[in-house]
Amino acid sequence: MAALKTKTNFKKNYPMKLVNIHKPIFTVVIWLLTYSSISAQVWSLEQCIDSATAHNKNLLMSRNNMAIGEQRQKEAKANLIPKLTANADYKYFINLPYQLMPLSTFNAMAPEGQFIEAQFGVPHNINANLQLALPLYNPQLYGGIEASKIASELSELQYKKTAEQIYFEIANLYYNAQLLHHQLDFIDSNLTNAEKLLKNIELLKEQSLAKGTDVSKVGLQIAQLNTQKIAITSKYTQVLNSLKFAMGTPPETSLTIDPNIQLDNISESSPSTNLDVDIVHTQKKLLRTELSTLNKSRFLPALNLVGSYGTTGFGYDKKPNGFIKFFPIGFAGIQLSYPLFNGTVTQRKINQKKIELQNNELQTNLLNEQNNMQIENATLQRFVTQKSAATSGEQIALATTIYTQTMLQQKQGTASLNDVLLSDNALREAQQLYLAAIVDYLKAELELKKLTGKLSTKH
């Protein structure tokens, strides 16, 4: 594990140090796509992530969700501000309302229990007023403010989670592109060797020292390498297109990656908290706040200051006594509201929140146990793949030496074409095993960073 240092450059140190030893294997010039110009900008992993931070639509939507959370928090606080309402209404009574009055009102001698119908009022009624309401104390309002604050924190954590997933995806795509780039380098190197071998065999055939089937064997090998190169080139283009999409850049953007694979070595001490655990803890705070608000609303009253000032108008439209008159009306007071019984609705909600808290506690324990297990597995996987990459690198060096020696022996007539082809196949197999080991190592490294909360824009 000590072999990797912070910002390890695989092309200078381990295991890509083989590049400097065996220059025929890795070309110095970066392989470019057919549509890319030589002067195209080389994008580092950090630049790709920075582009995604600014342009990725999922991140933009997540930032908008954070802004929505902030506005909801301000909305909850705005409920404490006095509310002023203007009201106006006009009523024209086609039939004036009736009222029953005791007959004794008009005749003192009238017997008790007898009534007379009477219509009161005038046809035209106009009301206009301003109403003021100010909450002095309301447990639901204060609970809502606290809940909106925690919900805003939750939105921020969700944004970080989305960003982490996108950074993870971009890093995976970028590393895949780097590995495909080196795989193409291997193929180019193998093609160069095969073409040299073909020329040698053709010269030997002209001298009747080799058979036509020998030329065909080498020609078939070249054709297979060309076919493989086309397939890898197509896959490389697809990976770059996916990388552009994750970065939020237009498809026509010219994108060239840095082929040097660089990784941060993860500190083994004081790992950061996993975002999934942080989200569950914040959800727990929200549930507790909602439960506390429900408990308070059961036993505590709501107290409001209310007031109204306006005018009331009455009008009569029959001659000769038509008129319209307005009279002022106003009041101020305190309104107390206390819940006596609401059909056990609040109690049912409290029971639900208690069960949700139990599930939250179980989920927290599950995530902690799962995270510890995954960290242990990823650490072990990284160690194993690191050793595997080292072994594979040594195998490439050995296979390259054997191939070079076999080619010299073939020129001297002490090795057959089959010996050359076998050594060439051994070299290609070592190359594929090496790339597979690097892929496994990169996956383990990224997974460990994600699990320990250290996956960030700096790689």
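**α6 against α7.** I began with the handedness of the crossing in this predicted model, and I find that helix α6 passes helix α7 in a left-handed crossing. I then looked up the geometry of the pair: α6, residues 275-299, and α7, residues 345-411, pack at an angle of about 160°, and their axes lie 9 Å apart. Because angles over 145 degrees count as roughly antiparallel, I enter α6 as roughly antiparallel to α7. I also sorted the residues of this contact by class, and noted eight nonpolar, ten polar and ten charged residues where α6 meets α7.

**F299.** I turned next to F299, which belongs to helix α6. Its relative accessible area is 48%, and since buried means under 20% and exposed over 50%, I record F299 as partly exposed. I also checked F299 against P139: the two are 160 residues apart in sequence, yet their C-alpha atoms are 9.7 Å apart in space.

**α4.** I then took up helix α4, which runs over residues 139-206. At its start I noted that a side-chain oxygen of N138 comes to within 3.0 Å of the backbone nitrogen of Q140. I compared its length with expectation: at 1.5 Å a residue, the 68 residues of α4 should span 100 Å, and because the C-alpha atoms at its ends are 99 Å apart, I count the two values as agreeing. Beyond the helix I looked at S208, which follows α4 and has a positive phi, near 60°.

Conventions
Residues numbered from 1 in each chain as written. Predicted model: local features only at pLDDT ≥ 70, side-chain atom pairs only at ≥ 80, totals over all residues. Heavy atoms only, no water. Helix = DSSP H or I, 4+ residues; strand = E, 2+ residues; numbered from the N terminus. Expected span 1.5 Å × (residues − 1). Polar contact = N/O pair within 3.5 Å; in protein donor to acceptor, adjacent residues only side chain to side chain. Axes fitted to C-alpha atoms, helices over the stretch in contact; angles between N-to-C directions. Parallel < 35°, antiparallel > 145°, perpendicular 65-115°, else oblique. Left-handed = near helix turned anticlockwise from the far one by under 90°. Nonpolar A, V, L, I, M, F, W, Y, C, P; charged D, E, K, R; others polar. Buried < 20%, exposed > 50% of the residue type's maximum accessible area, 1.4 Å probe, protein only.
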